[in-house]
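Here is a friendly tour of one protein model, moving from backbone geometry to buried side chains and ring pairs. Have the viewer open and follow along.

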Amino acid sequence: MRSVRSLFLQWIASVLFLTTVTEGSSRWKRQTSNDITVTTEALCKGRDTEEYFRLTVGDDCRDVVRCDRSGRSGPSRLAAVRCPNSLAFDIDRQVCDWKSKVTNCDRLEKPRKVKPLLVTDEPLCSGSDLACGNGVCLNRELFCDGKPDCEDSSDENSCSVDEDPNRSPPCDKSQCVLPDCFCSTDGTRIPGDLIPTQAPQMITITFSGAINIDNVDLYQEIFNGERKNPNGCQVKATFFTSHKYTNYSAVQELHRKGHEIAVFSITNKESRDYWSHGTYDDWLAEMAGARLIIERFANITDNSIIGLRAPYLRVGGNAQFDMMNDQFFIYDASITAALGKYPLWPYTLYFRMPHKCHGNGQNCPSRSHPVWEMVMNEMDRRDDPEFDEGLSGCHYVDSCTNIRTPKQFGRFLEHNFRRHYETNRAPLGLHFHASWLEGNKNFKKELINFIQSKSGNPDVYFVTMLQVIQWMQTPTEVPALRDFPEWKEKCDVKGLPFCSLPNTCPVRTKEIPDETLSLFTCMDCPRNYPWLLDPTGDGLDLF
């Protein structure tokens, strides 16, 4: 239940509720030791437009504001935001949360960080050097490298996608050429410059979390082998697998049936800061370690685990993507794109992201990385898109909290399908946590009906994340897809499961004291329970 609650709170934070705007000429009494009256311009000077802060402090602490400038040179305005009843605004995390979890109601704002002097009327430094906040000049390459070099640490305080002085350049289609690179100015271009009717509508169904007795029957029912794509191959899904409580014999069976296995971390820690600001070594231990565990205990030896998703979709910035490149991860599937007129296609990160870094406190990569981003397009959750007012989108289907009946879910699936199919045919991602479908049996029926209905279309394919990349690397028109070789691998599943009765291994680890955990695998039992410092369970510190 905690993951559902966290997703709900994340959705709440992104909605921004009811917002009112006041013009920049207004004067405000801000609660300080002297209750000083200040102008909006003074409040907003040097403040990021995405930062929320309070005008007053008190027990309620539901109300915050942010600065909003009218055009590039227009007056500053304050956009007022109020958290729903029973929630309060956490100034540090910049989200609404349960009141009992918010401990900074006595503070007006986040601690202000010293910024480097990147833009000045007159140059402060010679050559390509840049100035710290105190005016000391340093080599440009030292800025935003993850290690403070300025005395005031200002070289690491302006490192967003738009601020990093060493950020990746905008898309250059003359330099970014398939199969290794794909970009477009706004992210909506179809690979190969095909027109929409020439491209297939790919649908990716993904599940995030542990694979075990709680959900294997669900997966068996949805992917029973009877529902097939137009090329005769069974519909496939991608499983982002976390470690604790996973049955690795079930993972091995899903892989045997042609589904894609990707990683979702070892610990699945709830701390968002742990993921957003994790070090290179943190990401290495969590994701490369998770892959070692899966490969060993699910006996996956074909080097096919090449993708990952960050828990809570908390992207880890350049550290995460540096690790991915070094460890030969091909793609990430954690970055979200806000609901817009057209959905976005996946892209490589050699060049700058074609959309804003979406979400409060997100840490998107600012540098160039040879990694594919399987962007998560937010879905339109309006019950009647033709008449309902605009609402913010949702990335996981189960974070669309207004879906309460099977009929609503069916309309939701149909509308979002048409939103992709009738525009630029960007891949439609249906991202789930299995517990949501398990807890709503009739929703499962609606999903199965949707798969049966759409798989009958000659230009609709239910594919894995890897298969999307394979098509993008070699854009192929719909009539030729029946023989598209990359999609024919593991087309027909033959043979029997590797084992019918897996080993039940009661094992422990010093990293989780006083707890005995069961590991299910068709392979030999490990000596220790695999964890961060010992992913093979052999008692060896590999990281």
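Let us start in the loop between S12 and H5, where Ser 265 has its place. Please keep in mind that this is a predicted model. Ser 265 is buried, with a relative accessible area of 0%. Its backbone deserves a look too, since Ser 265 has a positive phi of about 95° without being a glycine. As background, most residues other than glycine have a negative phi, and most peptide bonds are trans.

Leu 313 also has a positive phi, about 55°, and is not a glycine either. You will find Leu 313 in the loop between strand S13 (307-308) and helix H7 (317-326). With a relative accessibility of 0%, Leu 313 counts as buried. On the peptide-bond side, Leu 178 and Pro 179 are joined by a cis bond with omega of about 15°. Pro 179 belongs to the loop between strand S9 (137-138) and S10.

Back in the loop between S12 and helix H5 (272-276), we also meet Asn 268. Is Asn 268 buried, exposed or partly exposed? Asn 268 has a relative accessible area of 28%, so it is partly exposed. Beyond residues up to four places away in sequence, Asn 268 touches Trp 275, Pro 311 and Tyr 312. Its C-alpha atom is separated by 8.4 Å from that of Lys 244, and the two residues are 24 apart along the chain.

Ser 265 turns up again among the contacts of His 243. His 243 sits in the loop between strand S11 (238-241) and helix H4 (248-256). Its relative accessible area is 2%, so His 243 is buried. Apart from neighbours within four places in sequence, the residues in contact with His 243 include Tyr 248, Ile 266, Ile 293 and Leu 519. Tyr 529, Pro 530 and Trp 531 are also in contact with His 243. With Pro 530 there is a specific link: the side chain of His 243 reaches the backbone oxygen of Pro 530 at 2.8 Å.

Asp 398 is another side chain to inspect, in the loop between strand S18 (376-377) and H8. Asp 398 is buried yet has no salt bridge. How far away is the nearest side chain of opposite charge? That side chain is Arg 309, 8.9 Å away. What the side chain of Asp 398 does make is a polar contact with the side chain of His 433, at 2.8 Å.

Now for the aromatic rings. The model has 21 aromatic pairs. In one of them, the ring centres of Phe 409 and Trp 436 are 5.3 Å apart and the planes stand at 85°, so the pair is edge-to-face. This pair links distant parts of the chain, with Phe 409 in helix H8 (residues 406-421) and Trp 436 in helix H9 (residues 434-438), 27 residues apart. Phe 409 counts as buried at 0% relative accessibility, and Trp 436 is buried with a relative accessible area of 12%. Both belong to a cluster linked by ring pairs, whose members include Phe 207, Tyr 219, Phe 223 and Phe 239. Phe 412, Phe 432 and Phe 443 are also in that cluster.

Rings also have charged partners here, as the table shows.

| Charged residue | Ring | Distance from ring centre |
|---|---|---|
| Arg 47 | Phe 53 | 3.9 Å |
| Arg 425 | Tyr 421 | 4.0 Å |

Next, turn to helix H11 (residues 465-473). Why can H11 be called largely enclosed by the rest of the structure? Seven of its nine residues are buried, so the description follows. The buried residues of H11 are Met 465, Gln 467, Val 468, Ile 469, Gln 470, Trp 471 and Met 472. Their cover includes strand S10 (201-209), S11, strand S12 (260-263) and strand S14 (331-332). Strand S17 (372-373) and strand S19 (428-432) also help to cover them.

Our last stop is Tyr 461, in strand S20 (residues 460-462). Tyr 461 is buried, with a relative accessible area of 1%. Leaving aside neighbours within four places in sequence, its contacts include Pro 200, Gln 201, Met 202 and Ile 203. Asn 229, Pro 230 and Asn 231 are in contact with Tyr 461 as well, and so are Leu 481, Arg 482 and Trp 487. By contrast, Tyr 461 and Asp 281 are 38 Å apart, C-alpha to C-alpha, and 180 residues apart in sequence.

Notes:
Residues numbered from 1 in each chain as written. Predicted model: local features only at pLDDT ≥ 70, side-chain atom pairs only at ≥ 80, totals over all residues. Heavy atoms only, no water. Helix = DSSP H or I, 4+ residues; strand = E, 2+ residues; numbered from the N terminus. Buried < 20%, exposed > 50% of the residue type's maximum accessible area, 1.4 Å probe, protein only. Polar contact = N/O pair within 3.5 Å; in protein donor to acceptor, adjacent residues only side chain to side chain. Contact = heavy atoms within 4.5 Å. Phe/Tyr/Trp six-rings, centres within 6.5 Å; stacked < 30°, edge-to-face > 60°. Lys NZ or Arg CZ within 6 Å of the ring centre and 35° of its normal. Lys, Arg positive; Asp, Glu negative; His and termini not counted. Salt bridge = Lys/Arg side-chain N within 4 Å of Asp/Glu carboxyl O.
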